[in-house]
Amino acid sequence: MRTENQSSVSEFLLLGLPIQPEQQGMYYALFLGMYLTTVLGNLLIILLIRLDSRLHTPMYFFLSHLALTDISFSSVTVPKMLISMQTQDQSIPYAGCIAQMYFFIFFTDLDNFLLTSMAYDRYVAICHPLHYAIIMRKELCTLLVAVSWILSCASALSHTLLLARLSFCDGDTIPHFFCDLAALLKLSCLDTSLNELVIFTLGVAVITLPLMCILISYGRIGATILKVPSSKGICKALSTCGSHLSVVSLYYGTIIGVYFFPSSGTYSYKDIIASVMYTVVTPLLNPFIYSLRNRDMKRAVEKLLNKATVLSQ
């Protein structure tokens, strides 16, 4: 460990995934394929929404921002992990580690708020269909996304500034594949009670409250569906809820498992696998969930393929 003084470090050592050396090549190819699929799949969603006028609706407006967030979220951790697996260099500079932690928190929070906005959109579409166009106007959608970005930035900046005041003298080894805030706090030799209080407070604000809003929205949606089970308009609006619920369940399920029911002491194999689920697997599955279970997206893909075929002839 290179030290600037007795209580600070210039770099950290990421232990990475618990993989045997002879398996590094196989896992490198696997995660590289997953990352490229994540980027290309989400870029395809953004492209389809941009090109197809039928997808210029509030729901797909939020989905395009979610796709962009998933690309960024995955890009915060996976490229560094791949480089470490390829070069066997597990070090990360102090500034790089802090920056990675900031953007990881930022895009995690942004995902939470965007999923909440999408749930609200589905609630209005199903429970107040006659007023949908008035309520979910362009200005409100833009405001919801802007507020999501501002709140996510404020949350990530709060954690980053509080971490920057700490000194690290309990080693420089992080038992993870990215610079996780909880792991960094364990390396500090100063009192971290304020950091832990902020983690709890903001955790309630950016994880628990959005999840409660999503659950309440779908509770109201369920009650509405039971009242008018034969409504054709309701069924059409409901067709997109299955995709959103699948993403919400996968995303929040792994986050709650890691941060609300952590293993005691050091990081366990379970914690790392759960982290891989929401940092790598969830952004990968989102394009498939929204495209395979959504007729509008299927039509947009077919339209794009037909256009490409015509142009190639």
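In the predicted model, Ile174 is buried, with a relative accessible area of 0%; this value lies under the 20% limit, and the residue is therefore classed as buried. Ile174 belongs to strand S5, which spans residues 173-174. When residues up to four places away in sequence are not counted, Ile174 touches Phe12, Leu13, Leu14, Leu15, Cys97, Cys179, Ala183, Leu184 and Leu187. One of these partners, Leu184, is 10 residues from Ile174 along the chain, and the C-alpha atoms of the two residues are separated by 7.1 Å.

The surroundings of Leu184 were examined in the same manner. With neighbours within four places in sequence left aside, Leu184 is in contact with Phe12, Cys97, Met101, Leu163, Phe168, Ile174 and Cys179. Ile174 and Leu184 both appear, together with Phe12 and Leu163, as the residues with the most contacts inside the largest nonpolar core, which has 86 residues. Helix H3 gives the most to this core, with 19 residues. In soluble globular proteins, nonpolar side chains tend to be buried together.

The packing of helices was considered next. Two packed helices are described by the angle between their axes and the distance between the axes. For helix H3 (residues 94-127) and helix H7 (residues 193-227), the axes come within 9 Å and cross at roughly 15 degrees. Because this angle is under 35 degrees, H3 is roughly parallel to H7. The crossing in which H3 passes H7 is left-handed. On the H3 side, the contact is formed by Asp109, Asn112, Phe113, Leu115, Thr116, Ala119, Tyr120, Arg122, Tyr123, Ile126 and Cys127. These residues meet Ala205, Val206, Ile207, Pro210, Cys213, Ile214, Ser217, Tyr218, Arg220, Ile221, Thr224 and Ile225 in H7. By class, the contact of H3 with H7 comprises 16 nonpolar, 4 polar and 3 charged residues.

Helix H7 also packs against helix H5 (residues 138-164), the two axes coming within 10 Å and crossing at roughly 170 degrees. The angle is over 145 degrees, and H5 and H7 are therefore roughly antiparallel to each other. From H5, the contact involves Ser155, Ser158, His159, Leu162 and Leu163, while H7 supplies Leu194, Asn195, Val198, Ile199, Leu202 and Val206. By class, 7 nonpolar and 4 polar residues make up the contact of H5 with H7, and no charged residues take part. Val206 of H7 is listed in the contact with H3 and in that with H5. Leu163 of H5, a participant in the contact with H7, is also in contact with Leu184.

Definitions and conventions: Residues numbered from 1 in each chain as written. Predicted model: local features only at pLDDT ≥ 70, side-chain atom pairs only at ≥ 80, totals over all residues. Heavy atoms only, no water. Axes fitted to C-alpha atoms, helices over the stretch in contact; angles between N-to-C directions. Helix = DSSP H or I, 4+ residues; strand = E, 2+ residues; numbered from the N terminus. Parallel < 35°, antiparallel > 145°, perpendicular 65-115°, else oblique. Left-handed = near helix turned anticlockwise from the far one by under 90°. Contact = heavy atoms within 4.5 Å. Nonpolar A, V, L, I, M, F, W, Y, C, P; charged D, E, K, R; others polar. Buried < 20%, exposed > 50% of the residue type's maximum accessible area, 1.4 Å probe, protein only. Core = buried A, V, L, I, M, F, W, Y, C linked by side-chain atoms within 4.5 Å.
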